[in-house]
Amino acid sequence: MLMACNTINAQERWTAEKANAWYAQLPWMAGSDYIPATAINQIEMWSEATYDRATIEKELNWAQDLGFTTLRVYLSSVVWKNDPIGMKDRMDDFLARCSQRGIRPIFVFFDDCWNEESSYGIQPAPKRGVHNSGWVKDPAASLRGDTCAVYPVLRAYVKDVIGRFKDDKRVLMWDLFNEPGNGTKHNISLDLVKKVFGWAREIYPSQPLTCGVWSSMHDFNKVQLELSDVISYHCYGDLNTHTQVIDSLKVYGRPLVCTEYMARTHGSKFQNIMPLLKKNKVVAINWGFVAGKTNTIFSWEKKMPEVEEPPVWFHDILRQDGTPFDPEEVKLIKQLTGKKK
């Protein structure tokens with residue numbers, strides 16, 4: 001049985017006028033969902049023992065070289081629970097490195113994707129040819145039943161992290177929940193979506209809040225669209241599909257941020273989608289940057305343990321030596337971001 005604990009919203013949602021005024025001050029922005037190649041999941045990225053400064057420094061240089069000005073980065077309630085001060089300090093370190101390169105990250109709190117359970121400490125090795133074999137849901141499924149036990153912890157986590165960075169201009173925005181309802185969660189996560197917006201607004205952050213629509217789950221979409229200051233979404237469809245998604249979201253009269261796109265074998269490519277996003281001044285954030293332990297060069301639809309890499313990468317742009325999977329993609333990205341006139 002799910003037990004509910006109530007929270008009162010403190011801050012009002014931004015008006016459309018405020019959101020559009022905030023967005024009007026920004027140039028068109030592009031970037032990737034980011035995790036260093038040496039981390040298999042959010043826990044490994046942010047834990048003290050595995051926070052890989054050298055790799056992050058190297059990869060941020062490559063991001064700057066592409067003209068990327070934002071990165072979408074997942075946080076971890078597991079790391080925070082075990083080392084709250086250390087995780088915030090590492091976030092500060094990451095932000096400093098990004099700021100040196102003109103990059104303003106978007107931080108993500110919760111996630112309904114992939115493995116049900118998680119634990120602090122050493123993370124599993126990647127499974128060969130398996131997409132996101134070690135990525136974990138946050139919070140873990142086993143914690144979700146007793147909301148009166150878990151909600152105070154999650155509320156403290158959200159308020160502590162946003163409280164540290166709520167007026168930090170290095171942070172572009174807060175993405176409160178990735179793909180709520182994915183997998184077997186369905187409406188179980190709907191209450192947590194509402195709660196996290198309330199917790200975040202209690203801190204009065206200067207940055208906007210969002211939670212991306214990603215599927216035709218009407219109960220979730222209604223809540224996400226009604227609570228978000230700016231509208232974010234995921235679309236891995238082809239040009240026609242993505243155009244229809246943009247047109248359907250423009251009616252809300254708020255800035256648009258595409259926080260996931262680019263799955264080559266689905267017809268979502270830099271060549272057809274990135275120009276569309278720039279034309280419509282939609283922030284363009286593709287899934288995956290440097291191929292690494294997440295194995296997202298492989299499709300989520302098919303395990304391929306028999307090969308080193310698929311002939312066509314599903315996600316990701318660069319190899320671990322910095323060379324591109326497709327040099328023509330990199331040329332286009334630089335043209336669109338203004339790095340290559």
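## A tour of loops and helix pairs

At 2% relative accessibility, aspartate 316 counts as buried, the threshold for that class being under 20%. This is a predicted model, and aspartate 316 is the place to begin. Select the loop between β8 (283-287) and α11 (327-337), where aspartate 316 is located. Display its backbone torsions: phi of aspartate 316 is near 75°, a positive value in a residue that is not glycine.

**Histidine 131**

Next, select histidine 131, in the loop between β3 and α6. With a relative accessible area of 7%, histidine 131 is buried. Show every residue that histidine 131 contacts, leaving aside neighbours within four places in sequence: Trp114, Thr294, Asn295, Thr296, Phe298, Ser299, Trp300, Phe314 and His315. One of these, phenylalanine 298, deserves a closer view. A polar atom of the histidine 131 side chain lies 2.7 Å from the backbone oxygen of phenylalanine 298.

**Proline 139**

Remain in the loop between β3 (106-111) and α6 (147-165), and move to proline 139, which is also placed there. Select aspartate 138 together with proline 139 and inspect the bond that joins them: the peptide is cis, with omega about 5°.

**Methionine 262 and serine 268**

Now turn to the loop between β7 (256-260) and α10 (270-279), which holds methionine 262. Phi of methionine 262 is near 85°, again a positive value outside glycine. Methionine 262 counts as buried because its relative accessibility is 0%.

Serine 268 occupies the loop between β7 and α10 as well. Its relative accessibility is 0%, so serine 268 counts as buried. Which backbone atom does the side chain of serine 268 reach at 2.9 Å? Draw the distance to the backbone nitrogen of methionine 262 to see this contact. Then show the remaining surroundings of serine 268. Not counting residues up to four places away in sequence, serine 268 touches Cys235, Tyr236, Gly237, Tyr261, Met262, Ala263 and Ile273. For a long-range reference, add tryptophan 28, which is 240 residues from serine 268 along the chain. The C-alpha atoms of serine 268 and tryptophan 28 are separated by 20 Å.

**Helices α9 and α10**

Ile273, a contact of serine 268, also belongs to the next stop, as one of the α10 residues that meet α9. Select helix α9 (residues 239-250) with α10: their axes are 10 Å apart and the packing angle is about 20°. Since angles under 35 degrees count as roughly parallel, α9 is roughly parallel to α10. The crossing of α9 past α10 is right-handed. Show side chains for Leu239, His242, Thr243 and Ile246 in α9, and for Asn272, Ile273, Leu276 and Leu277 in α10, which meet one another across the pair. Coloured by class, this contact has 5 nonpolar, 3 polar and no charged residues.

**Helices α3 and α5**

The final stop is another helix pair. Select helix α3 (residues 53-66) and helix α5 (residues 84-99), whose axes come within 10 Å and cross at roughly 30°. That angle makes α3 roughly parallel to α5. Here, too, the crossing is right-handed as α3 passes α5. From α3, display Arg53, Ile56, Glu57 and Leu60; from α5, display Arg90, Asp93, Phe94, Arg97 and Cys98, which they meet. What is the make-up of the contact of α3 with α5 by class? The contact has 4 nonpolar and 5 charged residues, with no polar ones.

Key:
Residues numbered from 1 in each chain as written. Predicted model: local features only at pLDDT ≥ 70, side-chain atom pairs only at ≥ 80, totals over all residues. Heavy atoms only, no water. Helix = DSSP H or I, 4+ residues; strand = E, 2+ residues; numbered from the N terminus. Buried < 20%, exposed > 50% of the residue type's maximum accessible area, 1.4 Å probe, protein only. Axes fitted to C-alpha atoms, helices over the stretch in contact; angles between N-to-C directions. Parallel < 35°, antiparallel > 145°, perpendicular 65-115°, else oblique. Left-handed = near helix turned anticlockwise from the far one by under 90°. Contact = heavy atoms within 4.5 Å. Nonpolar A, V, L, I, M, F, W, Y, C, P; charged D, E, K, R; others polar. Polar contact = N/O pair within 3.5 Å; in protein donor to acceptor, adjacent residues only side chain to side chain.
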